[in-house]
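This report covers one protein chain, moving from a single side-chain pair to loop residues and then to totals for the chain.

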Amino acid sequence: MDKQNDQSRMDRIVSLAKRRGFIFQSSEIYGGLNGFWDYGPLGVALKRNLKESWWHDMVAGHDELSILPGAPTSYEMTGLDCTIIMHPQVWKCSGHFDLFHDWMIDCRESKRRYRYDHLHGRWASHRGKKVFIVTDQSGDEAAPHTVQKAQKFFGLRAKQVDEIEWEGSLVPLAASVVAGTVALSGVLGPDASEPGTLTEPREFNLMFETRIGALAGNDDDRAFLRPETAQGIFMNFKNVLDTSRVSVPFGIAQIGKSFRNEITPRNFTFRSREFEQMEIEFFCKPADSAAWYRYWRDRRWNWYLGLGLTAGKLQLREHDADELSHYSVGTADIEYAFPFLAEGEFGELEGIAHRGDFDLRSHMEGKLVRKDGQLVVEMGPDGKPRHRGSGKDLSYFDDATRERYVPHVIEPSAGADRAVLAFLCDAYHEDEVPDEDGKPRSRTVLKLHPRLAPLKAAILPLVKKDGMPEVAIDLYRRLKALMPCMYDEKGSVGRRYARQDEAGTPWCLTIDGQTLTDQTVTLRDRDTLVQARVPIAECVDMLRERLRG
């Protein structure tokens, strides 16, 4: 297998995703729309399997009568499906209206726009001429891009590149400007031919603005596509309490679309403008919140391992104090070593945040800010709350202890699209297998966990005659009623195996001449390549049992 930071490997994964119908560029026939992606026939099945596994493991299959390993007590789980557009005041009290932004920087020459924190650079000198070369590339492409830029800027031939003198490795442009070691006037932008073309950085709100009904044209009451699914859960906290007979501790789960107007979407589906989240808001007693935070952090980590992600490519990283949001008591990220990142770098899959009582209090009292170590309502120039809350009581009364409190919230928030990408990257393998003549041939295979695989089995008649198709079709129909599978009679059996390997199908069942005499079929395992004869009457139960495992 190639090194995990090999960009060419990522290119092959993207190519496979397009060729086999996992993921397509949105609006491709019109040139595509950056940051938006469509899931093809295999991709939509993979993503659905991922979401259904999450929902079953976190909600539908949860045993609220038992104390799960690591949990302080038993707890309940329920679900919601909230609207994408909500009252504009939601985003003002949550802080998104004022704080949900990235820093953007423009290039006057190229008219390109960049995320300020994505730009890295280093000093280059040649014969007394010096410039700070900046790139917007990531991973292994970043350094070579600066070399190409320097060669062009200094007007050098390829054989003269070694004459360039470099000072240190790539460093963040923003940090260098703050430190005073770099001035924007001396920066050569990623797509510029001369230094000094980059503008001063400015804030860019990431929410998509829209207009609805009678609000249209009123700039003070703009509506937005939600940038996260969490706020809808907080809006319905009291509704769930009043209608579901749940009691603290309990969790509310939701899977749904979110939208962020990213300045520079990149790295395939990793950073998109439209994406799907799988989120839980877990409400607990303040005194128990630290223990629940540890429980959810560890449980979510083990979930990825249980579905087959390589342990060595995952890391659980606690945020440093300077990374925490103003309301956060603690946050940990589950991160994966995606192939497009440089060696040793990881990208976020999921964040588990201890949000304290910030959210429920904000929607009761108004937007909160931290002052003297405490969360207090932010006041405007008139001495009134800058963004007023709903005024509704979102506290909880504990019948057992006879106390009232605002629950603390633990939030495991996973990206469905990033998870699909991680499982695709992790499952992608290249090896050699013997062909029908016993000669080695290269093979591309997706070693997806059977629960995630779009197809669970393929039924293959060896030839299209001698009664084999009829037996295969009967087996296909029995299996199809219980699990996604495919009937394929086109091409040599070796080519059919190769197609299923690329689709990630765990098992192939081949009906051949021996089937007609002893009622057995050849069961081929995708990962081990072991082929065994099994009675055709036992195939359905055998595969069902394997899927349960």
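Which side chain does a polar contact join to that of T264, and at what distance in Å? The partner is H118, and the contact spans 3.4 Å; a polar contact is a pair of N or O atoms within 3.5 Å, where within protein one must be able to donate a hydrogen and the other to accept it, and residues adjacent in sequence count only if both atoms are side-chain atoms.

The model is predicted: local features need pLDDT of at least 70, side-chain atom pairs count only at pLDDT 80 or more, and totals for chains, interfaces and linings use all residues. Residues are numbered from 1 along each chain as its sequence is written, and side-chain values use heavy atoms, with hydrogens and water left out.

**Surroundings of T264**

T264 sits in the loop between β13 and β14 (274-284). Helices (H or I, at least four residues) and strands (E, at least two) are DSSP runs, numbered from the N terminus. Leaving aside residues up to four places away in sequence, T264 touches R113, Y114, R115, H118 and R271, with contact meaning heavy atoms within 4.5 Å. T264 is buried because its relative accessible area is 11%; the classes are buried under 20%, exposed over 50% and partly exposed in between (1.4 Å probe, protein chains only).

**Loop residues with backbone features**

Two residues other than glycine have a positive phi, as tabulated here.

| Residue | Phi | Loop | Relative accessible area |
|---|---|---|---|
| S27 | near 55 degrees | between β1 (23-25) and β2 (37-39) | 35%, partly exposed |
| K111 | near 65 degrees | between β4 (101-106) and β5 (113-115) | 68%, exposed |

A cis peptide bond runs from V248 to P249, with omega near 5 degrees. P249 belongs to the loop between α8 (237-244) and β13 (250-259).

**Position of I212**

I212 is in the loop between β11 (208-210) and β12 (223-225). With a relative accessible area of 32%, I212 is partly exposed.

**Totals for the chain**

The chain has 549 residues, of which 51% are buried. Its secondary structure comprises 15 helices and 29 strands. Along the principal axes, the C-alpha atoms fill a box of roughly 90 × 80 × 45 Å. Of the contacts between residues at least 6 apart in sequence, 65% join residues at least 24 apart. About 25,500 Å² of the chain is exposed, and carbon and sulfur atoms supply 49% of that area; accessible areas come from the Shrake-Rupley method with a 1.4 Å probe, and for residues only the protein chains shown count as cover.
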